[in-house]
Amino acid sequence: MRRIVLLFIAGVATLGVIHVLLALVVPVSWGPAEKEVAIPRGASFQEITRRLKEAGVVRETMILRAAARFKGLDSRIRHGTYAFPARLSGLDVIEYLRQGKIIEQKVTIPEGFTSFQIADVLAEKKFFPREEFLRAVKDPVLIRDMGIPTDFPSLEGVLFPDTYSIPKGAAVEEVVQMLVDRYKRAWANLREKAKAQGLSEREFVTLASIIEKETGAESERVLVSAVFRNRLTRKIQLQSDPTVIYALILERRFGGNLTRRDLQYDSLYNTYKYPGLPPGPIANAGLKSLEAVLSPAKVDFLYFVSRNDGTHHFSKTLREHNAAVDRYQRRGEGRG
């Protein structure tokens, strides 16, 4: 009888070992297809293993949880969408989770893009609808939570241009946070110098955004900065076309070409009608434009006009400027 009991116990133990091996070593699927599993932010490991089992990635949840707990992993899972290849064992799955191998997509935000253009890029990549991003950018609670001064009308200007790896299924707030965090790292290195020059964060970023939109030539940024800093000092209207274009974009009135009539459009963003800087940034400037705000060239220029080759002619007097306009813009309207 004792021998039978021992054999029974040995059999049960053997079955238990086999069960553990099946759960941790033998793959569930031998087919070629990957299986995607979304792990929500804050999900418990019990919830995670349930999702894995429902997706057919693992056989057994309790043993997987025990093995993960043994490895100290059960409370350190990165949220996101995972693509589990076929023929993964339970131990392989644990390793995938440990490495946080979520699906990510590279997205480049070019310098000078507005929040509207960024929304288009993210919508095209199918992260979330365009309007969802634009609502987040204007949300005063989100602006406060991001640590941006409340005198910013929106998050325009602090959505830093760069290349990002964005997780599949990321919430709009997560993506906004990524862009703002990258800006804040740049601002941290420039804050003290801006303060020493008497510029608030909003003024600094607003001026950088105008410089960014006025020239694509890196060598000209400090010259454009000098023009606008000189105009602000002398209380001369900035008369920047991009600020008018942004005013029209905000009201969905911009048709692609700026006209003389547009220059009369009544908006605080219209620097032909209102003195000083507009209420907030008109785009998202790159690092070179941010730096140019604080390092304007030591010149007396007050005007510039396009040469129609991507560069500009800079002038000290209105007479010189008008002559340059006549020279370079005979077939159109040249404005500085």
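**Exercise 1.** Determine whether Ser-240 is buried or exposed, and describe its surroundings.

*Solution.* Step 1: Ser-240 has a relative accessibility of 0% and therefore counts as buried (buried means under 20% relative accessible area, exposed over 50%, partly exposed in between, with a 1.4 Å probe and protein chains only). The model is predicted: local features need pLDDT of at least 70, side-chain atom pairs count only at pLDDT 80 or more, and totals for chains, interfaces and linings use all residues. Residues are numbered from 1 along each chain as its sequence is written, and side-chain values use heavy atoms, with hydrogens and water left out.

Step 2: Ser-240 lies in the loop between α10 (221-233) and α11 (241-250). Helices (H or I, at least four residues) and strands (E, at least two) are DSSP runs, numbered from the N terminus.

Step 3: Beyond its neighbours within four places in sequence, Ser-240 is in contact with Ile-210, Glu-214, Phe-228, Thr-271 and Tyr-272 (contact means heavy atoms within 4.5 Å).

Step 4: With Glu-214 there is also a polar contact, side chain to side chain, at 2.7 Å. A polar contact is a pair of N or O atoms within 3.5 Å; within protein, one must be able to donate a hydrogen and the other to accept it, and residues adjacent in sequence count only if both atoms are side-chain atoms.

**Exercise 2.** State which residues of helix α4 are buried, and where they lie on the helix.

*Solution.* Step 1: Helix α4 spans residues 90-99, and its buried residues are Gly-90, Val-93, Ile-94, Tyr-96 and Leu-97. Step 2: Viewed down the axis of α4, these buried residues fall within an arc of 160°, so they line one face of the helix; the arc is that of the directions from the helix axis to the C-beta atoms. Step 3: Gly-100, just after α4, adopts a positive phi of about 65°.

**Exercise 3.** Characterise the positive phi values of Lys-235 and Asn-308.

*Solution.* Step 1: Most residues other than glycine have a negative phi. Step 2: Lys-235, not a glycine, has a positive phi of about 60°. This residue is in the loop between α10 and α11 and is exposed, with a relative accessible area of 75%. Step 3: Asn-308, also not a glycine, has a positive phi of about 70°. Its place is the loop between β5 (303-306) and β6 (312-315), and Asn-308 is exposed at 54% relative accessible area.

**Exercise 4.** Summarise the protein chain by its helices and strands and its buried share.

*Solution.* Step 1: The protein chain has 13 helices and six strands. Step 2: Of its 336 residues, 45% are buried.
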